[in-house]
Amino acid sequence: MKSSKSKLMVALMAVTSAATFATTAEACSRILWETDNHGVFVSRTMDWMEANQPTIEVRHAGQQYKGHSSELGKTWTSKYASIGMTLYGMGLVDGFNEVGFSANGLFLDEESTGDLSGDLAQVSNAIFVAYLLDNFASVEEALENIHDIEIQQFSHNGHFMRGHYSIQDQSGDSAILEFLDDGWTIYHGKQYDVMTNSPTFQEHLTNWDQAQPTADDVVDGVFPVPGNINSAQRFVWNKYMKSQLTEPSSYTNGLAKIDSVTYKIPLDAANRADAAGVMRGYATIYSVGYNLDQKVMQVRYQFGDAYTHFFVDFNALNDGKNYAIDADNPELFGDVTEQFTQSTGVMANYVTRHHAG
């Protein structure tokens, strides 16, 4: 007779292997952790098939942007200064603002596009994270305004980038945002502390319901959890490991803990074959971690011939100017705050006006 743990593993593998994925371009994990004495920690990975020229940009408040090139493109003036990671020189995928509100963009095949012949304002998903950081101080405020806009997709090398988004604030509040065929689907609550990629978030929740431990006394080194690299398995793995975190002793200890439980895809790990039958990998090329009270961004870049760990103090650069640095520079180690240089950066592509500074 099979043990209960063996039966659970069989059932779990059936659940996670049943998930279907439309393309090979799915990547990344995000974890949120609210602590009792050290605020809210956020960790995310960028899992990708190639170098994507990430930069870190600090942007001051008061700049005007347009979110899409069409007549329906949303325009706004940034209310808050922020720091964020860019992708392919085209937009932001992660960051936080000066009031401790944070947003993350992760790949999702199922994302839909807005109606350019309709009435709602449109924002490209390349800068949707920037739009959120520029305009909102809390999850509640963002959700009150989300239904006024729709998403358009940007493309890179002929491939449309699609995503879903997590937001969180200093209170530990959290929400997952997916723009699907029927419009926005929102999951709001502190319990939504993990996000990976396809399938849609509801399917991940169903998987976790079936896979999670039913009692504390079964959580040990032999409890069966999936460990392979597809997003359905990563979601369960991240939820299980994050659930075991205990109160950190400091900000540094908290950052180390949340980073340690965020799934990293090994370099050279086989993912699945592309259209030509060539096995492709989507490794963790970098990871980002920060605390929404401390506002220091930690980055570990590990791709090609670069292997670095560095950090930047956002508060020290929040002086009314724009700054940037190449995040894939193999010479970056330790505190790199003073190595940032003034730059209009990637987001200058969307600026319609900004004041001096």
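A salt bridge is taken here as a side-chain nitrogen of Lys or Arg within 4 Å of a carboxyl oxygen of Asp or Glu. By that criterion, a search of the whole structure, which is a predicted model, finds seven salt bridges. Side chains of opposite charge can pair when their charged atoms come close. Three of the pairs are set out below.

| Salt bridge | Closest N to O | Separation in sequence |
|---|---|---|
| K190 with E34 | 3.3 Å | 156 residues |
| R44 with D94 | 3.2 Å | 50 residues |
| D193 with K239 | 2.8 Å | 46 residues |

The pair K190 and E34, whose closest N and O atoms are 3.3 Å apart, links distant parts of the chain, with K190 in the loop between strand 15 (183-188) and strand 16 (194-195) and E34 in strand 1 (residues 30-34). K190 has a relative accessible area of 44% and therefore counts as partly exposed, and E34, at 38%, is likewise partly exposed.

The side chains of R44 and D94 meet at 3.2 Å, N to O; because R44 lies in strand 2 (residues 40-48) and D94 in strand 7 (residues 91-97), this salt bridge ties together parts that are 50 residues apart in sequence. With buried meaning under 20% relative accessible area, R44 is buried at 1%, and D94 is buried at 0%.

D193 and K239, with closest N and O atoms 2.8 Å apart, again connect distant parts of the chain, since D193 sits in the loop between strand 15 and strand 16 while K239 belongs to helix 5 (residues 231-242). Both residues are buried, and together with K242 they are linked in a network of salt bridges.

Turning to the strands, an open sheet of three strands has the order 5-4-25, with antiparallel pairing. Strand 5 (75-77) and strand 25 (351-353) stand at the edges, each having a single partner strand, so one side of each is left without a neighbour in the sheet. Neighbouring strands of this sheet are turned by 30° against each other on average, direction ignored. Strand 4 (residues 64-66) is joined to strand 25 by two bridges, the two running antiparallel, and Y65 stands opposite V351 in strand 25. Strands of a sheet pair through backbone hydrogen bonds, either parallel or antiparallel.

As for annotation, an unreviewed UniProt entry lists residues 28-263 as "domain: Choloylglycine hydrolase/NAAA C-terminal". Over residues 28-263 the chain of the model is 21% helix and 33% strand, and the end C-alpha atoms of that stretch lie 9 Å apart.

Note on methods: Residues numbered from 1 in each chain as written. Predicted model: local features only at pLDDT ≥ 70, side-chain atom pairs only at ≥ 80, totals over all residues. Heavy atoms only, no water. UniProt positions renumbered as here; feature names shortened; annotations may be inferred. Helix = DSSP H or I, 4+ residues; strand = E, 2+ residues; numbered from the N terminus. Pairing = 2+ DSSP bridges. Axes fitted to C-alpha atoms, helices over the stretch in contact; angles between N-to-C directions. Buried < 20%, exposed > 50% of the residue type's maximum accessible area, 1.4 Å probe, protein only.
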